[in-house]
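Hi everyone, thanks for making time. I'd like to walk you through one structure today, so let's get it up on the screen.

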Amino acid sequence: MQVKIIDHPLIQHKLSLIRDVRTGTKEFRELLEEIAMLMAFELTRNMPLEETQVETPLTTCTCKVLSGKKIGVVPILRAGLGMVNGIIKLIPAAKVGHVGLYRDHETLKPVEYYCKLPKDVDERELIVIDPMLATGGSSVAAIDLLKAKGAKNIKLMCLVAAPEGINLVNSHHPDVEVYVAAVDSHLNEHGYIVPGLGDAGDRIFGTK
Ligand code: PRP
Ligand code: URA
C-alpha cells in the first residue's frame, strides 16, 4: 500500500472534529476547507523555485519565487468541491477542472455525469481531490478520465481512506501519488469507511 499520510497535529485535531456526528454543516465546511489548505501546504512542498532579484527598502537581494509550474485542481463532484477553496487560497493561479461522478448505491460503481477540464490538462500538474477514498472506484474512474484527456502528472489528495481504496488506486495507477490525512480500519457492508465521517457530500451540503 503506497500512501503518504499527512498527519500534522493541526490536521489530526481538525479531522477529529470533522468526524464527530455533532459537527454541523457550517463547521464541517469550514474544517474541510482548513484541512485541505493544510494538506496542500504539504503536497506542494517540492514545487520548483527560481531565483529573482528583489529590491527591498535597504538593498537588492537574490530571492526565490515559484518557477511558474502550472497546477490544476480537479474536485470529484460533489464532495470534492468542499476542498477547492482551501487549496486555491494557497495557489490562486491554479485552474480548476470538474469531474462529476456519483457512486451507485446498489453496485457501489461510479457513474460519470460531468467533465470540464482546463484545455492544457496535459501540461499541468493535477491535484485530484475528494474527501473520501472508499472502494477507490470513483478516484480510479476520475484518473482514467483525466489520463484519457491527456493528463500525465496526477496526485490524489483525500481526507480519509480505506485500505481497499488505496490498494485499488495503487494497482490501477501506480504513477499517482496518494496523499491522505488518515487511513481508517475498513469498509462496512454498504461501502462506508469505518470509523470514517459518514457521507461527506451530505455533510457538506446538508442533504440526506
Ligand atoms: C462519495 C465520495 C467519493 C466516493 C467514494 O461520493 O465523495 O467520491 O463516494 O467512494 P468510492 O471510493 O467507493 O468510489 P458520492 O458517490 O457519495 O457522491 P457525492 O459526492 O455527490 O455525495
Ligand atoms: N462516500 C462517503 O461519502 N463516505 C464514505 O464513507 C464512503 C463513500
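Let's start with what surrounds ligand 1: the shell around ligand 1 splits into six nonpolar residues, five polar and four charged. And before I go on, please keep in mind that this is a predicted model.

So who's in that shell? There are 15 residues around ligand 1, and the closest are Arg 103, Asp 130, Thr 135, Gly 136 and Ser 138. Let me pick out some of the contacts. With Asp 130, an oxygen of ligand 1 comes to 2.4 Å from a side-chain N or O atom. Thr 135 also uses its side chain, where an N or O atom is 2.5 Å from a ligand 1 oxygen. Arg 103 does it through the backbone: a polar backbone atom there is 2.7 Å from an oxygen of ligand 1.

How much of ligand 1 does the protein bury? On its own, ligand 1 exposes 500 Å², and the protein buries 92% of that. As for where it is, ligand 1 sits in the largest pocket. The elements giving two or more residues to the shell are strand E6 (98-103), strand E8 (125-133) and helix H4 (137-148). E8 gives the largest share, three residues.

Now, away from the ligand, a word on charges. Side chains of opposite charge can pair when their charged atoms come close. Here we count 13 salt bridges. One of them joins Lys 4 and Glu 177, with the closest N and O atoms 3.6 Å apart. Lys 4 is in strand E1 and Glu 177 is in strand E10, so this pair ties together parts that are 173 residues apart in sequence.

Methods: Residues are numbered from 1 along each chain as its sequence is written. Chains are lettered from A and ligands numbered from 1 in the order in which they are written. This is a predicted model: local features need pLDDT of at least 70, side-chain atom pairs count only at pLDDT 80 or more; totals for chains, interfaces and linings use all residues. Side-chain values use heavy atoms; hydrogens and water are left out. A residue is near a molecule or strand if one of its heavy atoms lies within 4 Å of it. A polar contact is a pair of N or O atoms within 3.5 Å; within protein, one must be able to donate a hydrogen and the other to accept it, and residues adjacent in sequence count only if both atoms are side-chain atoms. Accessible areas come from the Shrake-Rupley method with a 1.4 Å probe; for residues, only the protein chains shown count as cover. On a 1 Å grid over the protein atoms alone, a cavity is a set of points where a 1.4 Å probe fits but cannot get out, and a pocket is an open set with protein on both sides within 12 Å along at least five of seven lines; lining residues have an atom within 4 Å of a point. A molecule sits in a cavity or pocket if more than half of its atoms lie within 2 Å of its grid points. Helices (H or I, at least four residues) and strands (E, at least two) are DSSP runs, numbered from the N terminus. Ala, Val, Leu, Ile, Met, Phe, Trp, Tyr, Cys and Pro count as nonpolar, Asp, Glu, Lys and Arg as charged, and the others, Gly among them, as polar. A salt bridge is a side-chain nitrogen of Lys or Arg within 4 Å of a carboxyl oxygen of Asp or Glu.
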